Amino acid sequence: MESDQLRIGTAEREEAARLLADHFGMGRITPDEYETRVTDAYAATTLGDLRPLFQDLPQPHPGFFGPPPVYAQTTMQLPAYGPPIDPYAPPPAPMPYAPVPYSYRSKTVAGVLQIVLPFGVGRFYTGQVGLGLLQLLVVMLTGVGVIWPIIDGITLLKDGGLDAQGRPLRP
């Protein structure tokens with residue numbers, strides 16, 4: 001079956017009408033021609049019925065007509081940033097997996113210390129002396145600040161944490 005004999009649907013008719021409206025908006029066809037061509041586009045049943053509506057018009061044409069002529073395609077090449085890519089080269093090797101070493105301190109011990117001795121002892125245990133001193137200071141000055149180390153201990157038990165060197169605490 002030749003391509004001009006292929007039946008078209010509503011989407012193709014509406015695309016043709018939209019493109020004809022673009023040509024009308026650019027002044028390429030008169031209002032009478034536009035009305036006639038749009039009426040013919042909505043009455044079309046095959047590609048062959050639509051092709052004459054665009055025969056005397058420049059691009060854009062409906063995409064279902066096929067690719068535009070070679071001379072109408074752009075030949076601009078985008079700049080390449082980096083070395084050219086060889087299509088036959090093997091894919092790059094994946095990055096080696098380097099597991100993060102665990103701390104020799106335990107999240108369970110740190111959490112229990114925070115809850116049982118709620119003035120920053122668990123943070124001293126993990127090596128985070130600054131945070132432990134801050135919790136001790138808040139508890140000593142306010143008394144109500146004892147809630148912070150308890151919540152911190154629960155968080156350490158639930159999610160774990162990091163030691164002073166940034167390593168995750170052992171489960």
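# Loop, helix packing and buried faces

At 36% relative accessibility, Q59 counts as partly exposed, a class that lies between buried (under 20% relative accessible area) and exposed (over 50%), computed with a 1.4 Å probe on protein chains only. The model is predicted, so local features need pLDDT of at least 70 and side-chain atom pairs count only at pLDDT 80 or more, whereas totals for chains, interfaces and linings use all residues. Residues are numbered from 1 along each chain as its sequence is written, and side-chain values use heavy atoms, with hydrogens and water left out.

**Overall architecture**

The chain contains 7 helices and 0 strands, and its elements follow the pattern α-α-α-α-α-α-α along the sequence; helices (H or I, at least four residues) and strands (E, at least two) are DSSP runs numbered from the N terminus. Of the 171 residues in the chain, 26% are buried. Among the contacts (heavy atoms within 4.5 Å) in the chain with a separation of 6 or more, 59% come from residues 24 or more positions apart.

**The loop between α3 and α4**

Q59 belongs to the loop between α3 and α4, and P60 is placed in the loop between α3 (47-54) and α4 as well. The peptide bond that joins Q59 and P60 is cis, with omega at about 10 degrees, while most peptide bonds are trans. Although Q59 and L19 are 40 residues apart in sequence, their C-alpha atoms are 9.4 Å apart in space.

S103 is also found in the loop between α3 and α4, where S103 is buried, with a relative accessible area of 0%. Leaving aside residues up to four places away in sequence, S103 touches D163, R167, P168, L169 and R170. The C-alpha atom of S103 is separated by 7.9 Å from that of L162, a residue 59 positions away along the chain.

**Helices α1, α2 and α3**

Helix α1 (residues 10-25) and helix α2 (residues 31-43) have axes that come within 9 Å of each other and cross at roughly 170 degrees, the axes being lines fitted to C-alpha atoms over the stretch in contact and the angles running from 0 to 180 degrees between N-to-C directions. That crossing makes α1 roughly antiparallel to α2, since angles under 35 degrees count as roughly parallel, over 145 as roughly antiparallel, 65 to 115 as roughly perpendicular and the rest as oblique. From α1, the residues R13, E14, A16, A17, L20, A21 and F24 meet P31, Y34, R37, V38, A41 and Y42 in α2. The residues of this contact divide into 10 nonpolar, no polar and 3 charged; Ala, Val, Leu, Ile, Met, Phe, Trp, Tyr, Cys and Pro count as nonpolar, Asp, Glu, Lys and Arg as charged, and the others, Gly among them, as polar.

In α3, the buried residues are L47, L50, L53 and F54. These residues cover an arc (taken from the directions from the helix axis to the C-beta atoms) of only 115 degrees around the axis, which puts them on the same side of α3. The partners against which the buried residues of α3 pack are α1 and α2.

**Helices α4 to α7**

K107, A110, G111 and Q114 are buried in helix α4 (residues 107-116). Viewed down the axis of α4, its buried residues fall within an arc of 95 degrees, so they line one face of the helix. The buried residues of α4 pack against α5 (121-126), α6 and α7.

The axes of helix α6 (residues 129-142) and helix α7 (residues 147-159) come within 9 Å and cross at roughly 140 degrees, and that angle makes α6 oblique to α7. Here L131, L134, Q135, V138 and V139 in α6 meet W148, P149 and D152 in α7, and by class the contact of α6 with α7 has 6 nonpolar, 1 polar and 1 charged residues.

D152 itself lies in helix α7 and is buried, with a relative accessible area of 11%. Not counting residues up to four places away in sequence, D152 touches Q114, R123 and Q135.

**Polar contacts**

A polar contact is a pair of N or O atoms within 3.5 Å; within protein, one must be able to donate a hydrogen and the other to accept it, and residues adjacent in sequence count only if both atoms are side-chain atoms.

| Side chain | Partner | Distance |
|---|---|---|
| Q59 | backbone nitrogen of H61 | 3.1 Å |
| S103 | backbone nitrogen of R105 | 3.1 Å |
| S106, at the start of α4 | backbone nitrogen of T108 | within 3.2 Å |
| D152 | side chain of Q114 | 3.0 Å |
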